[in-house]
Each structure stands twice: as C-alpha cells, then as structure tokens.
There are 2 protein chains.
Amino acid sequence: MAQAAEERTARRRGSRRSADNAPGHVIPQLPWKQPRLRMKPVDLLSADEIEQIHQAALTVLEDIGMEILLPEARDLLGAAGAIVEGEMVHIGREIVEASIGLAPESFTVHARNPEHSFQMGGDAIVFTPVGGPPNCSDLDNGRRPGRLADGERFFKLCQYFNCIHIAGPGVDASDVHASIRHLKIAQARILLTDKVGFTSATGRERLFDGIEMARISRGISHEQLLAEPSCHTVVNTNSPLKLDGPMAMGIIEMARMGQVCVVTPFTLAGAMAPVTMAGALVQQNAEALAGLALSQLAKPGAPFVYGGFTSNVDMKSGAPAFGTPEYMKACLVGGQLARRYKLPYRTSNTNAANSVDAQAAWESVFSLWGAIMGGGNLIAHGAGWMEGGLVASFEKFIVDIDLLQTIEEFLNPLDMSEDALGIEAMREAGPGGHFFGTAQTMARYANAFYSPVLSDWRNFEQWQAAGSPTAEQKANRVWKQALEAYVQPAIDPAIAEELQAFVARRTEEGGQPTDF
Amino acid sequence: MAQAAEERTARRRGSRRSADNAPGHVIPQLPWKQPRLRMKPVDLLSADEIEQIHQAALTVLEDIGMEILLPEARDLLGAAGAIVEGEMVHIGREIVEASIGLAPESFTVHARNPEHSFQMGGDAIVFTPVGGPPNCSDLDNGRRPGRLADGERFFKLCQYFNCIHIAGPGVDASDVHASIRHLKIAQARILLTDKVGFTSATGRERLFDGIEMARISRGISHEQLLAEPSCHTVVNTNSPLKLDGPMAMGIIEMARMGQVCVVTPFTLAGAMAPVTMAGALVQQNAEALAGLALSQLAKPGAPFVYGGFTSNVDMKSGAPAFGTPEYMKACLVGGQLARRYKLPYRTSNTNAANSVDAQAAWESVFSLWGAIMGGGNLIAHGAGWMEGGLVASFEKFIVDIDLLQTIEEFLNPLDMSEDALGIEAMREAGPGGHFFGTAQTMARYANAFYSPVLSDWRNFEQWQAAGSPTAEQKANRVWKQALEAYVQPAIDPAIAEELQAFVARRTEEGGQPTDF
C-alpha cells in the first residue's frame, strides 16, 4: 500500500514514469510481452476437409451471392467481374482467389507508446479487453447501462494490466450523445492509455475521426499513418450473406487508410447460419472471404484479419451459447482456414453466464482453449465479457487477467537447461528428502512459478477464517486496488492539446450524424 | 418429474432396466461412450528434449538410485542386475530399457457389465470420479469427514452419469474401521454400480480382497481373471525417489495378477521434486520408469499405466497448486513421455479451490486442457475433486459432468456431409434471412448441439426472476435429482450372495491388519 501511495503521489506530481514500471508491486503480474504459440496449432479437420469448406464458400458467394447495400462496394466488385443484380452481388470464385495472398501474413500495429506496439499474425498473440457491451456490472453497484466514467475505469485497467495489449473498445457510454460518443471515448482512451485503440466503423465520420485521433496521438504525418497500421476496427457482416452500408464502408476505407480491418461474420449456428457447424463455418468463410475480396480490391495488400465468431444457439430458447463444444470446434477450424489464407486470425474469450461463477469461468476457459490451440492471433473480449456480450463486468475483468496470464505463462518455453533438469538438486535432496532447502530452490524460488492474482491456495481453515471469499469477491477488491495503483501514462502536451482541439471542433460540427 | 416417479416405481419393482436407458429423461446427458482424441496430441517439447528427459531419468535411477523398502522388490531388481546397497537400489539404464516395450500399448478393462468394459490406451479416454479425499462436502451439510453413506451416494452418481467410466475410488468412509473399510466400500460399489472399480494397494490384504471381489463380481474363474484386467490401482511413489513396502508390493502383485497398475509419482515441484518443471518431470519419469521396471520384472507384459501428477507448490506458503500453467505443461510433457514408451497415460482433473466458484472451474478446465491435449487416456479425479484432493464435493461432481460432457462432445468428429455443409440451407434462408425454419434446421434441431446440465443461458431478467442461481446452487439441485432418478443395476443373486459371504468371512478374519 506504501507503493500505491507513492504512485498516487507521483501521479499528482505529473510524473512521466511509465505505467509498466509502476504496477506489479501491488498486484502480481507478468511483464508486457506478446505470448507466442510455439506449439503447432491443433488441426480439427484434414487438409481435404478444409478444402471442402473453402470450395463450398466459393460456391455460396458465386451461386447464392451476397446482398451488399453500399453502391461503391458493388461497383468495386462489379468492376472486378462480379455479377451485380440490384443489391445482390454474385462474386465469382476467381475474384476471391485473386484476393488471397495479397494481404500481409503478419504486420506491426503501432501504439502511441512504441513499447506497446505489437505484431499481428504469425505465432504472436494479442489480448483485447471486452468490447461493445451496452451494460456494465460490478458487485457494488450491480448491472446498469455503461457510462463514460465506467469506460474510463476499464481503460485504466487496460493500461494497468500488462497482459492486455489493446485499449478498448470497452463498454458503451450511454450518457454521451451518440453523435459525439466516439469522440469522447477515443479522447479518454488516448489520455488514459498509451496502447493501441479501437475505431468504430458504424459510420463514416466515426471511422475517420477515430483514425485521425490515432494519427494525432502518435504525432505522425498522414503519409506515415497510411504506411503504419495504428488502429483497428471490427466489421461484423450482417449474417447471413449480407453487408450493410457502414460495414462495407468500413472495409473499404480501413483498407485505403492502411488500417487494420477485422472482418468477423457473426454466424450463430441455428439462427443466422445453418444449424450444422460445418455449414456455419462455410458461411463464416464465405462472408469473411467476401470481406477480404472487397478489402483487397479497395487497396491490394491492405492489412486484413480473418475473424471467426461461430457459435451455436440454444435450440430450446434461441439464446446464443458460448464456450460450448461447438464453439471450440469452430475456433479450431477458423484457425485452419485463416492459415489456409495466410491471414492473422481473430477469435474470442466468450461466455454466456449471468454471474461471475463457475459457469462464467468454464465457458471462458473452454473458449480460450479453442482460441489458443486454434492459433488465434487477436483474442478479442479477452477480459470482462459476460452474458454473451451484453455486459462488461469489472470482476470478470480480473478473473480474466488470471486466465490470460495463465495462458501467457503456459506458452512460455520450458527451461531445459542442465541445471533445470535438476539431477544435482535430486542428489542434494536425496531419496525421501525434500527440496525446500536445495541450492536450486534457493536460487530460483522467487520466480519459479506463476503467481496468480486470484487463485486462493490457503487451506480451508485459513480461507474460512478470512470470510470464505469466492473468486468473484476477491476480484471485486483487486480491480479497485488496480485503479488505486494505476498511473496515467505520459503524453506530449502539444499532442494532448491538438487532440482536445480536434474533439472540440468535431463536437461543434456535430460529430456523426444520427437519427436521434 | 413424471419420468423420475416412473423410474422410482420401476426401481421399487426390482426392474432390471439398465441405468443407461433410465436417465437422460430427467437430466440431459450423453450416452455411454469412450471419447477418442482424433486430433494429434500437442507436443510441448521436441523429440530431442523428450530424449533429454529420458536420459536424465535413467541417470538418476543409475547414479542416485531409489530407496526401496520391500525386500522382494530389491531382490527382483537385484536379480536383474541392479546394485543393491541396503535399501538403496541403483537401477542400471539397461534394466529400465529392457522393460520398455513389454507392457501393452492398449488393452481392455472388463466391467461386471460388459457394456461398461473399456479400452485403456491408444486414443481412447476414460474418466474416473474423485478418488481418495478424507472429506466430502455439499451445500446443505457443509464440509465433513466422508462416511460410507456419502461414498454410496458418489457411487450412485458414478453409475447414473454415462460420462463417468469408472466407479470410485470416491470418498473415504471414516465411520468404518480401517481394517474392513475396503471390504464395505467395494461391496457397496459392486452392488450400486456395474462399472470397473478401484482397488487399494495400501496393504496386501486390501489389494487381494479387492481383486477377489472384482473376480466374484464378474463371475469368472481365477484363470480368466489373470488374463483379463478387471480392476485398477494407483501406486503413488514416495517422492523423491522412494518406494515404500505397500506401494512396491502393489506394483508387483498387480502385475502378477494381470491387473492394471497406474504408477503415479506425486512430484510437486519445489517440495518433493526440483523447483524447475523440467527437473520435476525428470524425477516423475525416473520414478515411473522404476515402477515400470519392477512391474515388468514381476510379470513381463503386465498391464501398466504411466501416471503423471506433476504440479507446483505456492512458494510463499508451500501449499500445493493445481490447474496452473506449470501443471498444464507437465500434462503435455507427461503425455509425450508415455507415448515415447508406448504406454497408456494417466493424468487428472485438478484444482485447489475451497469453494465451487470461478477458481474451481478455471483451474479444472486448465487441467483438462493439459490432460486432453496431452493425450491422457485415464483422466483421474474427473468429477468432484476439490481443495487439492482433500474434499469430494457433490456440487463439483455435477459441474465436472458438464466439463467432461463438453469435452466428449468437443472430441466428437464434425459432420462434414454434403447436407451438413449447408449450401441448400443458406439458399433457403437467403441473404438477411434466418435459419430457424429451414428444412435442415427442422430435421436436425433436436440433437444439433450439446445440451448442458448446468450452463444457464436464460437472459439476465429471466435468470434474476429465477432467484439468480449460481452454477453451484444449480448443481446442488442436480445431484439430488440424479440420486432420485438413479436405478440400481441388476446383479445375479448368486454373485451378490457370494460377495456377501466373502465380505462376512474376511470381516470375521479381521480384514487388513492395522495398527489401530
């Protein structure tokens, strides 16, 4: 707590100390780092079966076609040879095939703090926090519509925890008018964090405002921005087989601006996709490939991420289900498809639980099992996502920090040095002895094992004497401790000023036109 | 509920209906089946690194040696060329190498109900329930020493749930004198279930009583028993590098009787094993290989299972930790070693939580992630294990049923038929349409997806109106429903009588001599 107080003092003094140095003293955590999947990703299907899905997706795009609401997108595809009939576009397989291999297999995404830039693709992994819920929740104040102040707290947690590589999207800010909400959220994010941010594609002004604010935050020229991906957006197709105006615009403009577009069909088997997982995956693949074609027609070589979000519904109620065996399979197959196309792969840490209980945890870890072993590069909704995306939970955020750090540590290579093989330690301990006092233990004990944030390993009596806290209750304390220990990252005053002026001007101009 | 009542009536009538047919109506569950890992198990280490561990283990056995307290075991090893100095035995690498390849890679374990026999090894998986805790726990009566009546309830749950392939060990029966406890437990197990059982190796009489009761329960001859594995035991070495009298006896006699011996070193890194995971794995491997050598010297070709139980301790408190990243790595490497020796592989579903909360779930699923992707064949403590093995929890048992069934369904192959690819369904739904009413959905919806036992997918308002139940609270209802719906399996009255006579005689004889 002395450390936390010291940090608060430093903050008040306007210290430039980076947040990476600050925490850890209060809450044990791993250093900033990108985990890498050094193991071979798990293949659920054979290469022939992956080809079946690929060919079926091409047939779907060619024969059934996509309904595309943006004239510019239809024009781009039509010019490439697609057959356009009203809003229906039949995209020939040669058009799709021509788009494969153009986008980079791996690229750097640049944060305003270069230490927080990261690799997207290859064996590198990034974790994002919860994105997009209208509601937030904590044990003190319950479930409620998200407000800007809640979003700011999530941004601080994103900055504080090293295993979160991207700041936001976070929770929605229901207390700010929709026309300027994106401006207020982006400004808060840029000031409270120095990590890569998210840009909404739900409107042309929102998209360009977000990109421009990413540019300002890095203090770079327009030309440099075009060459350096500095923000990302997620485009959800309107499954089945439909792409609305803003989504199509997002794909085209992000490509032209050289920014990261993650096209993620939301293919819930049994509702917006066939009731079979194979069918849902064919549809996911068709829609993602349509996005890829559009992106690469807009700008060949633009960064593009293959997104998978295929799960199933509960056929009794129609409710979406997550962290299911079907979801796990879809994660693995999605990864195989992304690798087939040599694209970075986006997948998610999901659950459909209503409270931060055992269900929330097991559905999350099953999701992560599929996501990580499937070779996911961008693990969306990494921390805080609840209720199938309706709620951003502060307690779940902390639970997920333990899950993500466990995975980071799991993916760290095993030390196979001579000393680590331990023959001398075994000789020293001797048969029937113990290792608490061996030279090897003495030299290594401090950092030998992962120190969890929440896992309670006290014996039952000690745990009971401490009030029998559940993981959720402990998490409630930890997110408050993290906010206490949080240190705002430094920003060049000129950049902060330029940002402020931009937001003021765009607010005056009305932001994003809305129907409200 | 009408169905449950009907089943209770059938039970009262002494119906011979198999339990497989009975449930499912009350609690949704998958049919009896052995899941198979069709995917390639995940390799954490290279083949060269596995060889490093193998060679280091051979060096440990040769140079440091094992302390072996049973004269007969020392004699067996000595006759094979090991250097015996007092209780220390230096086992030359040629002795170990000669034992590799003798034990079967895969074999059948026979249940008294042949429909519940299973394959041990290859890509086949079996799940056992919690084994061995002194305590049990449920939400109604809290945490308490286990009694025979509790053990009986666990046996009924093992019989009821199809995804549990083995009955017991279950919880200890503190209310029965230690000398005859094994008799009472085995009798209850055989009468309440028709699945393969566990036999304790903590004493010669216990071991032979258990084997004899397995023989009686199957109604087979001594000769047939010798040829057909019909029960299993677990031998935990006294890590580091020590094997006590009963454990060594267990290895030798189970081999001679042709029964399944699972040798599982309990190598907690930092306490009974080196503080490095590589070192702990070298030690695990050395101790398991010593067990293999002893087993194969006692009877070449005897069934043997390579057990891994390497985890780490919390270096701050010395408390054992489970479901950690270190545990996951150990699971993967253990599987690689077992495959190196062409042996079935035993690993476990573990956690160190004190309540059935998020921690219990995430530690369990992380364990299972390592266990399943590591190629585990015998997944011990599959359902109900808590507090690092100190407690058998009724609620956790039900949570684990959902976890194990999720894994079963995850491992089921994806339907890649023409119809499953769903092109016709997509044509029928059309762009922007939905799939609830397509012919494909109509034909498949009833069994399209896994139906969980506990996962609550109601929306927040419905869930709140239902009293905001956590997974733990729902599990409390489910285990009672399962006990209500449980149907005792049929047994030949002559066998039941022979069993009764055996237990009566052995009880009169004093059972297992104890120091009490």
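Let's start at Ala47(B), which you'll find in helix α2 of chain B, the helix made of residues 47-64. Is this alanine buried or exposed? It counts as exposed, because it has 10 C-beta neighbours inside 10 Å, and the cut-off for exposed is 12 or fewer. Now look across to Pro133(B). Along the sequence, Ala47(B) and Pro133(B) are 86 residues apart, and in space their C-alpha atoms are 37 Å apart. Please keep in mind throughout that this is a predicted model.

Now for the opposite case, a strand on the inside. Take strand β11 of chain A, residues 231-235. How many of its residues are buried? The count is 5 of the 5, so the strand is largely enclosed by the rest of the structure. Here is some background that helps with the next view. In a regular strand, side chains alternate between the two faces of the sheet. With that in mind, turn β11(A) around: Cys231(A), Thr233(A) and Val235(A) lie on one side, His232(A) and Val234(A) on the other, and they are all buried, so both faces are covered.

Who pairs with β11(A)? One partner is strand β10 of chain A, residues 196-198, which pairs with β11(A) in the parallel sense over 2 bridges. Within that pairing, Gly197(A) has Cys231(A) as its bridge partner. Another partner is strand β13 of chain A, residues 260-263, again in the parallel sense, this time over 4 bridges. There, Thr233(A) is matched with Cys261(A) in β13(A).

Let's stay with strands and look at an open sheet in chain A. Four strands line up in the order β2-β3-β1-β12, with mixed pairing. Which strands stand at the edges? They are β2 (83-85) and β12 (242-243) of chain A; each has a single partner strand, so one side of each is left without a neighbour in the sheet. The partner of β2(A) is strand β3 of chain A, residues 88-90; these two run antiparallel and are joined by 3 bridges. If you want a spot to zoom in on, Ile83(A) stands opposite His90(A) in β3(A).

Chain B gives us another open sheet to compare by eye. Its 4 strands come in the order β8-β7-β21-β20, and the pairing is mixed. At the edges are β8 (142-145) and β20 (385-386) of chain B, each with a single partner strand, so one side of each lacks a neighbour in the sheet. From β20(B), 2 bridges lead to strand β21 of chain B, residues 391-393, and the two run antiparallel. Trp385(B) stands opposite Ala392(B) in β21(B).

Over in chain A, β7 and β8 are worth a moment too. Strand β7 (residues 135-138) and strand β8 (residues 142-145) of chain A pair in the antiparallel sense over 4 bridges. They form a hairpin, with 3 residues between them. In this pair, Cys136(A) stands opposite Arg144(A) in β8(A).

Let's zoom out to how the two chains are related. A rotation of 180 degrees, with 0.0 Å of shift along its axis, superposes chain A on chain B with an RMSD of 0.0 Å. That is the relation of a two-fold axis. Which residue of chain A has its C-alpha nearest the axis? That would be Ala358(A), 2.0 Å from it. The same surface serves both copies, as 100% of the contact residues of chain A recur in chain B.

As for the contact itself, 99 residues of chain A are in contact with 99 residues of chain B. The element of chain A that gives the most to its side is helix α12 (residues 358-373), with 10 residues. By class, that side of chain A has 57 nonpolar, 24 polar and 18 charged residues.

Last stop, the core and the domains. The largest nonpolar core has 341 residues, and Leu294(A) and Leu294(B) touch the most other members. In chain A, this core draws at least three residues from each of domain 1 (1-410 + 452-516) and domain 2 (421-447). The centres of those two domains of chain A, taken over C-alpha atoms, are separated by 44 Å. To see one of the two leucines at work in your viewer, select Leu294(B): among the residues it touches are Ala73(B), Leu76(B), Leu77(B), Ala248(B), Ile251(B) and Ile252(B).

Key. Residues numbered from 1 in each chain as written. Chains lettered and ligands numbered in written order. Predicted model: local features only at pLDDT ≥ 70, side-chain atom pairs only at ≥ 80, totals over all residues. Pairing = 2+ DSSP bridges. Least-squares fit on C-alpha atoms with pLDDT ≥ 70 in both. Contact = placed C-beta atoms within 7 Å. Nonpolar A, V, L, I, M, F, W, Y, C, P; charged D, E, K, R; others polar. Core = buried A, V, L, I, M, F, W, Y, C linked by C-beta atoms within 7 Å. Buried ≥ 20, exposed ≤ 12 C-beta atoms within 10 Å, placed from the backbone. Domains from an automatic or database assignment. Lists of a residue's contacts leave out its neighbours within four places in sequence.
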